[in-house]
Amino acid sequence: MSSVHIRDVKKYFGALCVLDGVSINVEPSEVVAVIGRSGSGKSTMLRCINGLERIQQGRIEVAGHTITPEAGDLRSLRKEVGIVFQSYNLFPHLTVLENITLAPRVVKRIGRDEADEIGREALRRVGLEEKSGAYADELSGGQQQRVAIARSMAMKPKVMLFDEVTSALDPELTGEVLKTMEELAEAGMTMILVTHEMGFARQVANKTVFMHLGKVWEEGPSAELFGAPRTPELQNFVSSSLK
Amino acid sequence: MSSVHIRDVKKYFGALCVLDGVSINVEPSEVVAVIGRSGSGKSTMLRCINGLERIQQGRIEVAGHTITPEAGDLRSLRKEVGIVFQSYNLFPHLTVLENITLAPRVVKRIGRDEADEIGREALRRVGLEEKSGAYADELSGGQQQRVAIARSMAMKPKVMLFDEVTSALDPELTGEVLKTMEELAEAGMTMILVTHEMGFARQVANKTVFMHLGKVWEEGPSAELFGAPRTPELQNFVSSSLK
Amino acid sequence: MAYELQFGPVLKFWPDIAQGAVNTLVLSAETIALGVTIGLAAAIARTDGPRWLGALVTVYVEAFRNTPLLVQLFLVFFGLPLIGLSFSADMAALLAIALNLGAYSTEIFRAGLLAIPKTQIEAGLALGMSRLQVIRYIVVVPALRIIYPALTGQLTLTLLGTSIASAISAKELTSAASIVESFTFRSFETYLVVAVIYIGLTFTFRFLYYLVGLWLFRRRKPPKPDLLQEDLDPVGSGA
Amino acid sequence: VTIPEIMEKGTISIGVLTGLPPYDTTDSSGNTDGFLVDLAREVAKSLDVELDVVPVTNASRVAALESGRVDMLIAMTTATPQRARSLLFTNPYGSYQMTIVGPKDAEIRTLADLEGKKISVPKGSTQEATLISYNIPGLQIERFDDDALAMQALLSGQVDATAAVAVLANDLLKKRGVDDQFEVKEDLPLYTLYWSMALRADEWNLHQYLNNLIYYLEVTGVLDDLHKKWTGVPIPGGKLPTF
Amino acid sequence: MIQDFGWSSVEFLARASLWTIGLSIIAFLIGGAIGLTLALLRVLGPRPVKLAIAGYIQIVQATPLLIVVFIVFFGLSFAGLYFPPLLAAGISVSVYASAYLADIWRGCIEAVPRPQWEAADALAFSLPQQLRYVVLPQAFRIALGPTVGFMVQIVKNTSVTALIGFVELTRAGQLLNNMTFQPFIVFITVAAFYFAICYPLSYLSEKLKGKRRVQRAH
Ligand SMILES: Nc1ncnc2c1ncn2[C@@H]1O[C@H](COP(=O)(O)OP(=O)(O)OP(=O)(O)O)[C@@H](O)[C@H]1O
Ligand SMILES: Nc1ncnc2c1ncn2[C@@H]1O[C@H](COP(=O)(O)OP(=O)(O)OP(=O)(O)O)[C@@H](O)[C@H]1O
Ligand SMILES: [Mg+2]
Ligand SMILES: [Mg+2]
């Protein structure tokens with residue numbers, strides 16, 4: 001149910017082919033890391049999985065929903081697939097707790113009390129219980145990103161997508177966000193994460209996918225992939241990232 | 001002539017004492033590095049030397065000009081004292097070459113042809129000859145900073161001040177800017193540079209000044225200062241910077 | 001109501017209407033030249049000048065922005081003669097509308113001046129430029145670029161605002177219209193024709209602003225390439 | 001509309017020109033009253049219907065009529081052949097002598113004396129049309145929104161003379177205490193002009209009725225009485241013409 | 001008939017200024033309702049609708065208000081629609097207000113960063129929900145200052161209804177001048193009335209604009 005199957009997906013922006021026949025499989029409770037150079041199509045792929053971009057060919061099955069070029073029922077899909085962006089995109093006019101409870105209340109029509117309960121629980125999991133009344137601009141970047149994760153978790157998704165959630169953060173703030181994600185992974189969440197943190201990918205992800213020029217260039221168990229990159233592109237990428 | 005003598009300078013912002021009796025001597029062709037924690041008054045001191053901030057007490061002699069709390073002839077001083085900022089502050093509506101030749105033309109009333117010649121020479125020295133027709137937003141950060149240095153050099157200053165010119169740059173871009181500065185130092189320019197690059201300070205500066213709480217806390221030949229810091233504050237600072 | 005539109009009688013007066021349009025054009029151009037000059041000077045006075053001058057400019061700006069142009073027009077034309085300042089109708093119209101535009105453009109220019117980062121000004125000063133040189137070479141063009149849509153929007157409102165000058169016998173398009181109307185008694189047709197001319201004039205002026213923008217900012221991308229996308233801040237209306 | 005239609009409706013709406021004392025005055029609550037309104041009352045009374053007074057201006061009167069907003073106009077319109085192509089005019093219900101008013105020391109005895117002078121008139125008035133028809137060389141005609149502004153222009157020295165209604169001018173000069181500076185140029189009466197009520201081009205039924213009413217009001221002396229009530233003098237020029 | 005400028009004249013102007021305020025409120029309400037609809041359609045509608053609305057805005061903004069009001073007011077009558085005078089005058093000014101407000105508000109809606117829409121989209125909000133809970137509340141905060149600022153323009157511009165017989169503040173001033181022939185004192189007083197109505201709005205607008213980055217204040 002909470003698996004992701006991407007089959008031969010193509011995505012164009014105008015004439016530019018950004019995803020060129022991508023296929024990836026993610027089994028339930030699996031954590032897959034996606035790495036690759038800037039512009040290789042990683043973000044676009046995540047956005048396609050969540051229906052934020054349309055695909056032009058292929059098929060995506062995610063948490064029991066199907067996306068084809070003709071599109072599917074995106075709203076019910078999105079209820080079960082969470083996504084967290086690099087720029088946290090918290091709603092600035094709402095408090096932390098309101099940010100988290102808005103979607104459960106509006107989309108799932110959960111009552112205020114119950115939604116608040118869910119919201120507090122989500123905040124507890126990201127370790128920010130005491131910030132529930134604050135506004136986004138009163139939080140550090142790392143705290144904002146953890147709230148964004150909690151906001152996504154409050155919808156109780158079956159799959160979560162993370163797009164470079166730490167790359168706008170200072171090193172010291174990165175740690176707290178990675179910890180939150182690690183806990184999620186340990187709790188059995190199916191996750192796809194685009195990341196520049198090689199160490200983190202290696203340690204947390206069961207499988208790593210290396211994208212290049214809109215294609216899946218290499219994939220495999222993380223330890224293997226990092227330990228013995230086969231293609232020169234991945235070798236280059238790994239070595240330049242470790243510098 | 002191209003020496004800098006700062007004597008017992010005090011500078012307040014409102015009630016806040018930012019420079020608390022600072023004295024520094026820089027001899028002709030000497031390179032002095034200024035280090036210190038954020039907020040210790042390094043930028044403010046550079047800005048005072050160039051007359052961008054007024055001092056409330058003391059006296060600054062720079063390249064034959066004198067600044068006192070009553071202020072002096074700042075414009076003729078600034079013709080001979082260049083300053084380069086952390087944020088490059090290129091003029092966005094002018095090309096690279098125009099950025100460089102503007103001041104020679106309007107301040108020194110040099111003809112267009114001669115100014116262009118000077119501008120090209122300055123660009124050559126920073127290794128960006130081929131970018132003369134580009135606009136700032138078409139350049140990388142490192143290139144912009146080199147243009148800013150060339151802009152300052154085109155006024156043929158006797159003293160140059162650098163305020164953390166590399167701290168907004170990626171590591172790979174930092175190198176090219178440091179190289180430019182090193183060449184300047186080798187050519188005998190009198191320089192004061194505020195920097196976070198300890199390695200660079202150690203290697204290029206004849207003397208290093210450690211500022212703390214608006215005071216000169218320690219000063220001495222760079223090798224000595226870094227090798228054997230005397231005060232616990234400098235010890236702390238050096239060790240935390242090397243982390 | 002079966003009302004038949006008859007444009008014939010109105011169009012017979014085309015020389016008068018054309019003359020009115022030309023007068024509107026001239027009055028607008030003069031007003032804009034004078035008003036923008038006032039606005040620029042007042043904006044610099046307010047940002048860079050002494051305190052008392054800034055206060056004076058504030059009073060001027062607020063007084064003109066919070067009262068209707070028509071009332072200002074009456075005061076200039078009928079009121080100023082009482083203190084010995086008498087102007088012809090065309091002069092009074094020019095003066096009143098220019099002062100009105102001046103007040104609005106003061107605020108626009110000021111916003112532009114304030115939008116230029118302080119670091120840019122410092123970079124200029126640090127190179128030994130005088131304050132005026134900094135404004136002239138470093139501030140003006142980027143500031144103008146920022147405010148260009150708002151400024152040209154205000155100028156459009158000024159063009160339309162000249163229609164009010166007919167109240168005090170200044171000769172322009174709307175006054176030509178009322179002459180035609182009084183001869184023919186075909187008011188609806190007259191105003192339709194005039195509306196079309198105003199729309200034409202407005203679009204012509206906008207196109208001119210666009211061309212001027214292309215030239216002014218020729219070195220970089222023009223501020224708003226799409227004529228239809230003009231993003232004006234309708235702070236003021238001439239009418 | 002026909003008479004039976006109006007009687008059935010129970011209301012007649014009449015557009016009345018406002019803002020021209022003494023023919024029309026406005027009380028402190030903005031209600032309009034005066035000679036023209038009294039006349040409108042007579043029309044309604046004679047038909048035994050309610051009266052709806054709609055204030056109009058020079059600029060809006062024709063549109064108000066033609067758009068059907070009012071049934072008829074009592075708005076000081078003078079019948080000219082050119083206008084009669086568009087509207088239907090009744091026999092005159094009143095008249096005024098148009099005179100030239102100027103400073104006492106100005107020599108204006110004949111039309112020729114107006115040569116090269118600036119003269120103010122109400123925009124779109126018959127004064128304007130008449131003066132134009134004289135073809136006086138160099139005469140500058142300045143058009144104002146209404147009669148009062150035209151007069152104002154003379155008093156504030158913006159023009160050399162104004163073409164005004166004699167009754168109005170005499171009254172005004174006295175009340176303002178400027179009869180020692182300005183005078184009605186008695187030597188040069190221009191015209192006696194007549195006001196007609198105006199109707200839409202095909203309203204023959206109402207037209208005939210109104211002609212009848214005007215005739216009746218004149219012979220019974222009501223017209224003169226009303227005129228005297230508001231201006232202090234009977235309708236100038238003796239018997240009203242018919243056409 | 002011809003009187004002197006006195007206390008009763010001020011009273012007369014005061015009464016007329018109530019009409020000015022009433023008309024302004026009507027114009028703002030009707031114009032605002034139309035303007036909001038147009039702004040939303042301009043942002044979200046299909047392309048032909050967007051173009052039509054852009055055209056409407058451009059044309060209204062390119063015509064002197066006086067002529068807009070003339071054509072709308074009598075145009076309504078030609079179409080056989082007779083509203084009570086206050087409402088009809090209000091509707092005429094509303095056309096003008098709607099064109100500008102639509103433009104201002106479109107700008108404010110577009111000023112809400114795209115990622116905010118996306119974040120809501122990704123949380124499975126429907127389009128109306130995105131607008132209702134995420135975009136409009138933020139656009140509202142941005143719009144507050146400019147909108148209050150534009151109300152000053154509406155107040156001043158209701159004076160054009162004098163054309164269609166409405167005795168509001170400017171027209172009252174003209175009538176008073178016709179009765180007293182004392183233009184200076186009359187129009188200074190009229191100006192003072194306008195200033196008293198408009199300046200507080202301008203001031204408020206400036207304050208609200210300053211606050212617009214403070215994204216809370218419930
Ligand atoms: N909305 C868009 N319209 C046109 N081109 C786009 C759009 N979004 C992305 N692209 C292009 O698609 C390509 C892939 O972009 P994408 O953002 O998926 O890369 P990425 O791997 O996430 O890179 P990064 O590491 O920089 O985030 C790039 O060439 C980009 O310029
Ligand atoms: N314009 C100003 N008004 C008020 N206080 C100021 C101003 N500029 C600087 N300060 C204060 O003066 C102190 C010294 O600032 P300065 O910028 O000189 O420090 P610095 O050593 O350059 O720090 P950094 O390494 O962060 O650049 C700081 O406390 C700062 O807040
Ligand atoms: Mg990306
Ligand atoms: Mg600093």
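**Ligand shells, enclosed space and burial in a predicted model**

Colleague: What makes a residue one of those by which ligand 2 is surrounded?

Modeller: A residue counts as near a molecule if one of its heavy atoms lies within 4 Å of it. By that criterion, ligand 2 is surrounded by B:F13, B:V18, B:R37, B:S38, B:G39, B:S40, B:G41, B:K42, B:S43, B:T44 and B:E164. The structure is a predicted model, in which local features need pLDDT of at least 70, side-chain atom pairs count only at pLDDT 80 or more and totals for chains, interfaces and linings use all residues, while side-chain values use heavy atoms, without hydrogens and water. Residues are numbered from 1 along each chain as its sequence is written, with chains lettered from A and ligands numbered from 1 in the order in which they are written.

Colleague: Why are B:S40, B:G41 and B:T44 said to make polar contacts with ligand 2?

Modeller: A polar contact is a pair of N or O atoms within 3.5 Å; within protein, one must also be able to donate a hydrogen and the other to accept it, and residues adjacent in sequence count only if both atoms are side-chain atoms. A polar side-chain atom of B:T44 is 2.5 Å from a ligand 2 oxygen. From the backbone, B:G41 has a polar atom 3.0 Å from an oxygen of ligand 2, and an N or O atom of B:S40 stands 3.2 Å from one. Each pair therefore satisfies the cut-off. Ligand 2 alone exposes 630 Å², of which the protein buries 59%; the areas follow the Shrake-Rupley method with a 1.4 Å probe, and for residues only the protein chains shown count as cover.

Colleague: What makes up the shell around ligand 2, by class?

Modeller: Ala, Val, Leu, Ile, Met, Phe, Trp, Tyr, Cys and Pro count as nonpolar, Asp, Glu, Lys and Arg as charged, and the others, Gly among them, as polar. On this scheme the shell has 2 nonpolar, 6 polar and 3 charged residues. Its largest share, 3 residues, comes from helix α1 (residues 42–49) of chain B.

Colleague: Which residues of chain A lie around ligand 1, and how do you know that A:G39 is in polar contact with the ligand?

Modeller: The shell includes A:F13, A:L16, A:V18 and A:E164. A polar backbone atom of A:G39 lies 2.8 Å from an oxygen of ligand 1, with A:S40 at 3.2 Å and A:G41 at 3.0 Å, likewise through polar backbone atoms. These distances meet the contact criterion. Ligand 1 has 640 Å² of accessible area on its own, and the protein covers 59% of that. Two elements, β2 (16–26) and α1 (42–49) of chain A, give two or more residues to the shell, and α1(A) gives the most, with 3.

Colleague: Why is α1(A) described as largely enclosed?

Modeller: Helices are DSSP runs of H or I with at least four residues, strands are runs of E with at least two, and both are numbered from the N terminus. Buried means under 20% relative accessible area, exposed over 50%, and partly exposed in between (1.4 Å probe, protein chains only). Since 7 of the 8 residues of α1(A) are buried, the rest of the structure largely encloses this helix. Among the buried ones are A:K42, A:M45 and A:I49. A:G51, with a positive phi near 80°, follows the helix.

Colleague: Why is D:G237 called exposed?

Modeller: The relative accessible area of D:G237 is 59%, which is over 50%, so the residue is exposed. D:G237 is found in the segment after α9 (222–231) of chain D.

Colleague: What makes one space a cavity and another a pocket?

Modeller: On a 1 Å grid over the protein atoms alone, a cavity is a set of points where a 1.4 Å probe fits but cannot get out; a pocket is an open set with protein on both sides within 12 Å along at least five of seven lines, and lining residues have an atom within 4 Å of a point. Grid points are joined across faces, edges and corners, and a volume is the space filled by probe spheres set on the points. The search finds 13 cavities of 30 Å³ or more, the largest of about 830 Å³. Of its 49 lining residues, D:T57, D:N58, D:A59, D:K123 and D:D145 are closest to the centre. α8(C) gives the most to this lining, with 4 residues. The second largest pocket holds about 740 Å³ and is lined by 33 residues, to which β4(D) gives the most, with 5.
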